[in-house]
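These are my notes on a single structure. I looked up the ligand site and then one strand residue.

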Amino acid sequence: LVTAIDHVGIAVPDLDEAIAFQRDTFGLEVAHSEENAEQGVREAMLRAPGDTTGATQIQLLAPLREDSTIAKFLDKNGPGLQQLAYRVTDVEAAMEALRAKGLRLLYDQPRRGTADSRINFVHPKDAGGVLVELVEPAPHGH
Ligand code: CMX
């Protein structure tokens with residue numbers, strides 16, 4: 001079902017501060033950043049310098065609005081790991097396979113994720129306490 005670990009997402013209160021921390025402490029660089037209004041996030045994808053292998057990225061997620069998912073997460077837990085994202089080739093097929101196993105998907109239909117990927121989430125209560133994102137990357141990379 002899963003072809004790669006796409007990214008690990010960390011909830012942060014301030015995106016620019018978190019980018020600077022990851023850069024100055026660990027030497028990670030920003031590969032991509034954007035605002036996703038539907039998901040209520042400002043986000044950045046980080047990777048090790050020079051990495052072009054498609055290795056697992058680190059996603060920093062900052063709230064765009066007070067009522068967003070990430071704002072709620074930060075209020076409840078503080079900053080920290082928020083999600084684990086698995087890459088799949090066909091998100092609908094993955095959704096169907098997981099539903100058939102009795103897992104709850106958060107959305108009826110895939111939504112738009114980072115860089116025009118198509119995404120859905122498995123409810124953390126059905127995945128060992130981990131919010132699992134399914135990511136079908138946009139065709140032709142981005
Ligand atoms: N990881 C693990 N467990 C989580 C969790 C997370 N990120 N978020 C919530 N939970 C757990 C809580 O601990 C809580 O457990 P208890 O009842 O035992 O205390 C339970 O789930 C319900 O938590 P809640 O605080 O009431 O949260 P909600 O049910 O309102 O929301 C969820 C949880 C998963 C439905 C919501 O976070 C969601 O819709 N997530 C998907 C969208 C998302 O994360 N978007 C931001 C990222 C965008 C992107 O990646 O592009």
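Which pocket does the space taken by the ligand correspond to? I began there, noting that the model is predicted. The ligand occupies the space of the largest pocket.

Entry on the shell. I found 16 residues surrounding the ligand. Gln-39, Lys-72, Gln-82, Gln-83 and Lys-125 are the closest. Sorted by class, the shell holds 6 nonpolar, 6 polar and 4 charged residues.

Entry on secondary structure. I then asked which elements each supply at least two residues of this shell. They are α2, spanning 69-77, and β5, spanning 80-87. With 4 residues, α2 gives the most.

Entry on polar contacts. I looked up distances between side chains and the ligand. For Gln-39, a polar side-chain atom lies 2.8 Å from a ligand nitrogen atom. For Gln-83, a polar side-chain atom is 2.9 Å from an oxygen atom of the ligand. In the side chain of Lys-76, an N or O atom is 3.0 Å from a ligand oxygen atom. I also noted the cover: on its own the ligand has 960 Å² of accessible area, and the protein covers 70% of this.

Entry on Arg-87. I turned to this residue, which lies in strand β5. Why is Arg-87 classed as partly exposed? Its relative accessible area is 21%, and the class therefore follows, since buried means under 20% and exposed over 50%. I last checked its C-alpha atom against that of Val-132: the two are separated by 10 Å, and the residues are 45 apart along the chain.

How values were computed:
Residues are numbered from 1 along each chain as its sequence is written. This is a predicted model: local features need pLDDT of at least 70, side-chain atom pairs count only at pLDDT 80 or more; totals for chains, interfaces and linings use all residues. Side-chain values use heavy atoms; hydrogens and water are left out. A residue is near a molecule or strand if one of its heavy atoms lies within 4 Å of it. A polar contact is a pair of N or O atoms within 3.5 Å; within protein, one must be able to donate a hydrogen and the other to accept it, and residues adjacent in sequence count only if both atoms are side-chain atoms. Accessible areas come from the Shrake-Rupley method with a 1.4 Å probe; for residues, only the protein chains shown count as cover. On a 1 Å grid over the protein atoms alone, a cavity is a set of points where a 1.4 Å probe fits but cannot get out, and a pocket is an open set with protein on both sides within 12 Å along at least five of seven lines; lining residues have an atom within 4 Å of a point. A molecule sits in a cavity or pocket if more than half of its atoms lie within 2 Å of its grid points. Ala, Val, Leu, Ile, Met, Phe, Trp, Tyr, Cys and Pro count as nonpolar, Asp, Glu, Lys and Arg as charged, and the others, Gly among them, as polar. Buried means under 20% relative accessible area, exposed over 50%, partly exposed in between (1.4 Å probe, protein chains only).
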